[in-house]
Amino acid sequence: MQVDITPQQGAELLARLINNELPDKHGRYGPFGGCYAPETLVPALSRLADNVYRYLADDDFMAHLDQQLSTWVGRPTALTHAQGLSKRWGAEVYLKREDLAHTGAHKINNALGQALLAQEMGAKRVIAETGAGQHGVATAAACARVGIPCTVYMGAVDIQRQAPNVDRMHQLGARVVAVESGDKTLRAAIDEAFRNWVADPDGSYYLLGSAVGPHPYPYLVQRLQSVIGSEARSQILDQTGSLPDVAIACVGGGSNAIGLFHPLLADESIALLGVEAGGHGPALGDNSATLAAGKPGVLHGSYSVLLYDNDGQIQDTHSVSAGLDYPGVGPEHSLLQALGRVNYVSATDTDALNALQECCAAEGILPALESAHALAGARAWAKDNQGKAILIGLSGRGDKDMPTLSQHIPSPLGEDKGARADD
Amino acid sequence: MSKLLPREQITAALEAANTNNKVALVPFITAGYPDKDAFISTLKAIATEGDVVEIGVPFSDPMADGVTIQRSSHAAIAAGVSLHWILDELTAAEDLGAPVVLMSYLNPLLAFGYEALAKQCIAAGVCGFIVPDLPWEESAEFRAVMDKYGLALVQLVTPVTPDDRLEMLCKGSQGFVYAVTITGITGGDVALPPTVTDYLDQVKSHTSVPVCAGFGVRHASQVENLGHHANGVIVGSALVEQLEAGADPAPFLRDLRS
């Protein structure tokens, strides 16, 4: 990292982050963030920022959002004591069950909040990008609920590996546009959504799905996702009488992680662990472990840690999980890493697939491949920290990953002979 | 007479075209595309017809660009074109006879380092930059380095820029003001909106440097129409498509002003 922050500056920045004084009025989290957008979008982003600060402070708007989160999304989501995993890992494991939220992932918290905001702002249509398809499905559902037409940009590669979600978006009335440019994954989908927004900055609302992008998106998404951490904190206190020793979440762009971490930042006793996608391994291009291997740069409107080469070209990434397959990360995560408040590690494709199977077997829960990275990180953490209480953000369910899983994990039908031979 | 600063050379070249009763022409190419080896010879050919030459530094994620520039950028990167290579080629080449402006997204400039970049620009004869993802509010650090070396940081303005912001950007722009003609990305083939002339007149009223209109400029009729309201026109995607098709760029550019 090229960013120098003295210990005193770090303490100040953390205090300001906890007091919700960051981002500052320029959209900065210390050195990170900002608003590096094409000139055509600058007035639209400035208008969006005004409305974000207005509506997130508006009691009527927030009450309506809470009511919809309760009656339509199904919040609060459960906090499950994972008895099987606890026993296997020698820890007390709790799962914050965002897989139980409507449409099957935490993405709906943000999509609903922003769809309501788009409605207040009089948007004629909504555009969104999606990687794993979870944000696309959530946006399609929220837009159907609110009554605004919606177009979702999705990389052609992701359309292949997350086919069930494409059908779901269609059923929910969204138009899905296959993005054939660039790397044909989440990054190219974001490029294309921005291009579409540039053509209609006044009539279209860009419903960005992660805690990335130009100001005010990282802040808006953090606020809408913080329901995860706020609920989990009071639920674990209710169930156990104490706070966890560690909270762990997977990090791609970082929306579920910031939603879990942000409300826990002030609890100094809670260690925070972000788990990035380690892909096939540490070589450049083989993973999406941005914070482990990246350096600060500008992509998609903000200054944050990124994977790029010596010429400034953004690095192609790999992860078995489409939702983590992204070369950047939200600016608040970059700051939290620089401050040392959150430790970021990575889990490989294999680690994640193993953790997914273990969670299925031990808990009867099929997690999303993204969430399986958090489980893998937790398993590794537990090895070195026996007997501790671990809170894991289970960001979504794995139904959408069936095409990928059937490629990587042999089906029992195909193993019949071998299985019998072992009997 | 003292030598003009690099940024003043841009302004002077555009004004010289107007003095000859012509609309200034700013051809754009993606560096090293479609043929890396022909980079300098292509530049020379377009510099003969153009008054200022704009060179696109390819970037992996050109989010303000349409399909043509996306295609040319990705192909150029695959062929090994980088900002270092471009500056080395320009440094080695003889004078093109027209000032050169680089169009680059911010990350390649960050990766190069601003100070080292400015120094090498002076050596290479580059006079300024257009940075489509660097709005005014984020530009202080880069602008300070540009100022130190007399290089231009050209500001873009658009049809949706509010009037007070338009005034600020026009006053801050160096070399020329880049007036985006449409609300959209580069390379479209649509009729320019009828309001474009009023908009260009308004842009001109705010600035003392020349105004160049760009995005979606493809035909001689557009150039003529825009020429009544802007000092120059920028032709990018349409020229890149000519080069892709193997056409000689010179007659195409000449015909735009006839």
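This is a short conversation about how to read the predicted model shown above.

Trainee: Before we start, how are residues and chains labelled, and what kind of model is this?

Mentor: Residues are numbered from 1 along each chain as its sequence is written, while chains are lettered from A and ligands numbered from 1 in the order in which they are written. This is a predicted model, in which local features need pLDDT of at least 70, side-chain atom pairs count only at pLDDT 80 or more, and totals for chains, interfaces and linings use all residues.

Trainee: What is the average pLDDT of chain A?

Mentor: pLDDT is the predictor's confidence in each residue, from 0 to 100. Chain A averages 95, and 97% of its residues score at least 70.

Trainee: Which elements of chain A have the lowest and the highest mean pLDDT?

Mentor: Helices (H or I, at least four residues) and strands (E, at least two) are DSSP runs, numbered from the N terminus. Helix 18 (residues 416-422) of chain A has the lowest mean, 43, and strand 9 (residues 246-250) of chain A has the highest, 99. Over residues 416-423 of chain A the pLDDT stays under 50, and the model has one contact there beyond four places in sequence. Two residues are in contact if their C-beta atoms, placed from the backbone, lie within 7 Å. Where pLDDT is low, the predicted coordinates should not be read in detail.

Trainee: How many helices and strands are there in chain A?

Mentor: Chain A has 18 helices and 14 strands. Its radius of gyration is 20 Å, close to the 22 Å that the globule rule gives for 423 residues, so chain A is as compact as a globular protein of that length. That radius is taken over C-alpha atoms, and the rule is 2.2 Å times the number of residues to the power 0.38. Along the principal axes, the C-alpha atoms of chain A fill a box of roughly 65 × 50 × 50 Å.

Trainee: What percentage of the residues in chain A is buried?

Mentor: A residue is buried if 20 or more other C-beta atoms lie within 10 Å of its own, exposed if 12 or fewer, and partly exposed in between, with C-beta atoms placed from the backbone. In chain A, buried residues make up 61% of the 423.

Trainee: Which domains does the assignment give for chain A?

Mentor: Domain bounds come from an automatic or database domain assignment. For chain A it gives domain 1 (27-69 + 107-222) and domain 2 (74-104 + 226-408). Taken over C-alpha atoms, 22 Å separate the centres of these two domains of chain A. Their contact takes 39 residues from domain 1 of chain A and 41 residues from domain 2 of chain A. On the domain 1 side, helix 6 of chain A supplies the largest share, four residues.

Trainee: How many residues of chain B are in contact with chain A?

Mentor: There are 32 residues of chain B in contact with 29 residues of chain A. Helix 5 of chain B gives the most to the chain B side, with six residues. That side divides into 19 nonpolar, nine polar and four charged residues. Ala, Val, Leu, Ile, Met, Phe, Trp, Tyr, Cys and Pro count as nonpolar, Asp, Glu, Lys and Arg as charged, and the others, Gly among them, as polar.

Trainee: Which residues of helix 10 of chain B are buried?

Mentor: An α-helix has 3.6 residues a turn, so residues three or four places apart point the same way. In helix 10 (residues 220-227) of chain B, the buried residues are Q222(B), V223(B) and L226(B). Seen down the axis of helix 10 of chain B, its buried residues fall within an arc of 100°, so they line one face of the helix. The arc is that of the directions from the helix axis to the C-beta atoms. On the face turned away from this buried side are the exposed residues A220(B) and S221(B). The cover over the buried residues of helix 10 of chain B includes strand 7 (211-214), strand 8 (232-235) and helix 12 (249-256) of chain B.

Trainee: Where are the cis peptide bonds with P23(A) and P216(A)?

Mentor: Most residues other than glycine have a negative phi, and most peptide bonds are trans. One cis bond joins L22(A) and P23(A), with omega about 5°, and another joins H215(A) and P216(A), with omega about 15°. P23(A) lies in the loop between helix 1 (7-18) and strand 1 (28-29) of chain A.

Trainee: What is the phi of N20(A)?

Mentor: N20(A) has a positive phi of about 55° although it is not a glycine. N20(A) is in the loop between helix 1 and strand 1 of chain A, and it counts as exposed because it has 12 C-beta neighbours inside 10 Å.
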